[in-house]
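Here is a quick tour of one protein model, going from its open and enclosed spaces to its strands. Have the sequence and the 3D view open as you read.

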Amino acid sequence: MSQKVKVAIIGPGNIGTDLMYKVQRSSVLEMSAMIGIMESEGINRARNLGIPTSIEGIKFIEDNPDIADIVIDATTAKAHSEIHGPILEKLGKIAIDLTPAAIGKIVSPMVNMEDALKVKNVNLITCGGQATTPIIYTIGKHVGIEYAEVVTAVASKSAGPGTRNNIDEYTRTTARAIELLTNSDRAKVLTIFNPAIPEVPMRNTIFCIPKEEYDIEEIAKAVEEMVKSIQEYVPGYTLTLRPTVDKGIITTIVTIEGQGDFLPPYAGNLDIETASAVKIAELYAKNILKNN
């Protein structure tokens, strides 16, 4: 029985390339293909590492269905929803979607990871969603939330053309995930591309308006425990401001510094997305290996 499960990545850009290095470190995942539509640095890096590559896009998987059991899509929302998702479903592949398409089950590792095993197409929200949903979820376990607001600031250099072109989908998907996965009636998401030099790590400010009485110390301790859990797969995830109350609003801040696998450490927004993808892929892989 093979001790690793094959993983292919579609999209050899910054996210896909960073993801490749994380997959290679996994004890249960095998990097089986890097797929794009043109020659690129990501394709070249994969080729130099001895990883099979293709610039035929999704057609390569159609023609070589045994190349992977799990396919991670790091392209665009439109490509996943209109092309990749339907084809992967037809092929019976597990699809982990890193775009804001949100056609699959919305999953955050520390919130509802086990739900992934019920389906074959999961959406990892957005980087802001992965960074903030677990915290709002934790607060919501202790008090009903009338309104949650997230202000995410990322280094401008860490936001590539894909992120900028998908910003509307990003905003809607993140807000929807907060409403679906946490005890929040309404949610709003704001994103800032910070042009500061030197570049600063991702910073997420979270505001929650509670609906009833609560114990802020109890909430703060629970949030600290959640942060420790996230740090197991995102070491640079830091609680910058412990939950506090001002004028009836619960406020907390988390900052993320990346591991520097491919992307610079300030690109924590991309690092948490790729780290979350590996966490979910490993869950699937362990389930596959257990049942083989």
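On a 1 Å grid over the protein atoms alone, a pocket is an open set of points with protein on both sides within 12 Å along at least five of seven lines, while a cavity is a set where a 1.4 Å probe fits but cannot get out; lining residues have an atom within 4 Å of a point. Grid points are joined across faces, edges and corners, and a volume is the space filled by probe spheres set on the points. Before we go in: this is a predicted model, where local features need pLDDT of at least 70, side-chain atom pairs count only at pLDDT 80 or more, and totals for chains, interfaces and linings use all residues. Residues are numbered from 1 along each chain as its sequence is written, and side-chain values use heavy atoms, with hydrogens and water left out.

Let's start with the second largest pocket, at about 280 Å³. Its lining has 14 residues, and the closest to the centre are Tyr233, Ala275, Val278, Lys279 and Glu282. Helices (DSSP runs of H or I, at least four residues) and strands (E, at least two) are numbered from the N terminus. Both α1 (14–25) and α10 (268–291) supply at least two lining residues, and α10 gives the largest share, with 6. Domain bounds here come from an automatic or database domain assignment. Domain 1 (5–124 + 272–291) and domain 2 (127–264) both contribute to the lining, so this pocket lies between them.

As for enclosed space, there is 1 cavity of 30 Å³ or more. That largest cavity holds about 40 Å³. α8 (167–181) and β9 (184–194) are the elements that give two or more residues to its lining. Among the lining residues are Cys127, Tyr170, Phe193 and Asn269.

How do the two linings divide by residue type? For the table, Ala, Val, Leu, Ile, Met, Phe, Trp, Tyr, Cys and Pro count as nonpolar, Asp, Glu, Lys and Arg as charged, and the others, Gly among them, as polar.

| Space | Nonpolar | Polar | Charged |
|---|---|---|---|
| Second largest pocket | 6 residues | 2 residues | 6 residues |
| Largest cavity | 6 residues | 3 residues | no residues |

Now for the strands, which pair if DSSP finds at least two bridges between them. An open sheet of 7 strands runs in the order β3-β2-β1-β4-β5-β7-β6, with parallel pairing. β3 (53–54) and β6 (105–106) stand at the edges with a single partner strand each, so one side of each has no neighbour in the sheet. β6 is joined to β7 by 2 bridges, and Lys105 sits opposite Val122 in β7.

β7 (residues 121–123) also contains Asn121. Asn121 is buried (under 20% relative accessible area with a 1.4 Å probe, protein chains only), at 18%. Its side chain makes a 3.3 Å polar contact with that of His80; such a contact is a pair of N or O atoms within 3.5 Å where, within protein, one must be able to donate a hydrogen and the other to accept it, and residues adjacent in sequence count only if both atoms are side-chain atoms.

Elsewhere the pairing is antiparallel. β8 (residues 145–155) and β10 (residues 202–210) share 8 bridges, with Ala153 partnered by Arg203. β10 then joins β12 over 7 bridges, where Phe207 pairs with Thr251. β12 (residues 249–256) also pairs with β11 (residues 237–246) over 7 bridges, and Leu239 has Val254 as its bridge partner. β11 and β12 form a hairpin with 2 residues between them, and Lys247 in the turn has a positive phi of about 55°.

Note on methods:
Buried < 20%, exposed > 50% of the residue type's maximum accessible area, 1.4 Å probe, protein only.
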